[in-house]
Amino acid sequence: MYGMVNKAIEAMVSADHGERMWEKIKRKAGVDVEVFISNEGYPDEMTFALVVAASEELDTPVPLILEAFGEHWILKTALGDYGDMLSAGGSSLSEFLINLPTFHARVSLMLPHLQPPRFRLMSTGENWVRIGYESSREGLCPFVVGLFRGLGKMYGTPATVQHVADKSAGAAFDEFLVSW
Ligand code: HEM
């Protein structure tokens, strides 16, 4: 994944638990990188090792780390560093979610080696959207939950997120119901 992802994990952990804890987590993960470069690629295994080491050092289950990271990614990383791109996605939570299937195509213009997730719009109602999620990576559904919660907060419409179809339990792909 692009270095901006590891950089964002570093920012979240350092803000909440200090830089010494981040150094400890990096050591535990066997990651020997002084400074992550945002637009450079790093192996996915490195990112996953950092998340697992953070889970162990902070005594917090991996899914909770990923959910917190999803919110942080929207509210701190994306809003802070890529605000124009994020706000171009829509002027309300429902508009953003309806546009989500094409969102990473715009991100790919900036990051040509992106291996993005695939989102598809399943159905919508007055205060809910049902979205399908597919990825070449395993285990990131809690990250998606955190991302949707972060978007709800960003638009001032706090959202409830339910994982309504689970690929790891036999569904064809994962689906989320986001309501507000
Ligand atoms: C300006 C805002 C955003 C930027 C710059 C961005 C960029 C990225 C980058 C660099 C990755 C790592 C993949 C790689 O390097 O190959 C990624 C992954 C991901 N992004 Fe975004 N993203 C943004 C917003 C969003 C939003 C709003 C969502 C959904 C609500 C989202 C969902 C995901 C997911 C689920 C992944 C994990 C990869 C996977 O599932 O395989 N992103 N994105």
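**View 1. Asp59 is an exposed loop residue**. At 72% relative accessibility, Asp59 counts as exposed, because the label needs over 50% relative accessible area (buried is under 20%, partly exposed lies in between; 1.4 Å probe, protein chains only). This is a predicted model with residues numbered from 1 along each chain as its sequence is written. Local features need pLDDT of at least 70 and side-chain atom pairs 80 or more, totals for chains, interfaces and linings use all residues, and side-chain values use heavy atoms, without hydrogens and water. Asp59 sits in the loop that runs between α3 (44–57) and α4; helices (H or I, at least four residues) and strands (E, at least two) are DSSP runs, numbered from the N terminus. What is the sign of phi at Asp59? Phi is positive here, about 55°, although Asp59 is not a glycine. For comparison, most residues other than glycine have a negative phi.

**View 2. Asn6 is a buried residue of helix α1**. Let's move to a residue hidden from the probe. Is Asn6 buried or exposed? With a relative accessibility of 0%, Asn6 counts as buried. Its side chain has a partner in Thr47: a polar contact of 2.8 Å joins the two side chains. Such a contact is a pair of N or O atoms within 3.5 Å; within protein, one must be able to donate a hydrogen and the other to accept it, and sequence neighbours count only through side-chain atoms on both sides.

**View 3. Helix α2 has buried residues and exposed arginines**. Follow the helix from residue 19 to residue 29. Met21, Trp22, Ile25, Lys26 and Ala29 are its buried residues. Why do we say that they line one face of the helix? Looking down the axis of α2, the buried residues fall within an arc of 140° (taken from the directions from the axis to the C-beta atoms), so they line one face. Arg20 and Arg27, on the other side of α2, are exposed.

**View 4. Ser87 reaches back to two backbone oxygens**. Ser87 belongs to helix α5, which covers residues 83–87. With a relative accessible area of 46%, Ser87 is partly exposed. Its side chain reaches the backbone oxygen of Gly83 at 2.8 Å, and the backbone oxygen of Asp84 at 3.4 Å. Now find Pro101: Ser87 and Pro101 are 14 residues apart in sequence, and their C-alpha atoms are 15 Å apart in space.

**View 5. Trp180 follows strand β4**. You can find Trp180 in the segment after β4, a strand of residues 174–179. Trp180 counts as partly exposed, at 27% relative accessibility. Compare its position with that of Glu71: these residues are 109 residues apart along the chain, and 16 Å separates their C-alpha atoms.

**View 6. A shell of residues surrounds the ligand**. Which residues come nearest to the ligand? Of the 29 residues around it (each with a heavy atom within 4 Å), His104, Gln115, Tyr133, Ser135 and Arg137 come nearest. Take three of these side chains in turn. His104 has a polar side-chain atom 2.9 Å from a nitrogen atom of the ligand. For Tyr133, a polar side-chain atom lies 2.6 Å from a ligand oxygen atom. For Ser135, a polar side-chain atom lies 2.5 Å from an oxygen atom of the ligand.

**View 7. Helices contribute to the shell around the ligand**. Step back and look at the helices. At least two shell residues come from each of α1 (3–17), α4 (62–81), α7 (103–110) and α8 (141–154). Which helix supplies the largest share? That is α8, with five residues.
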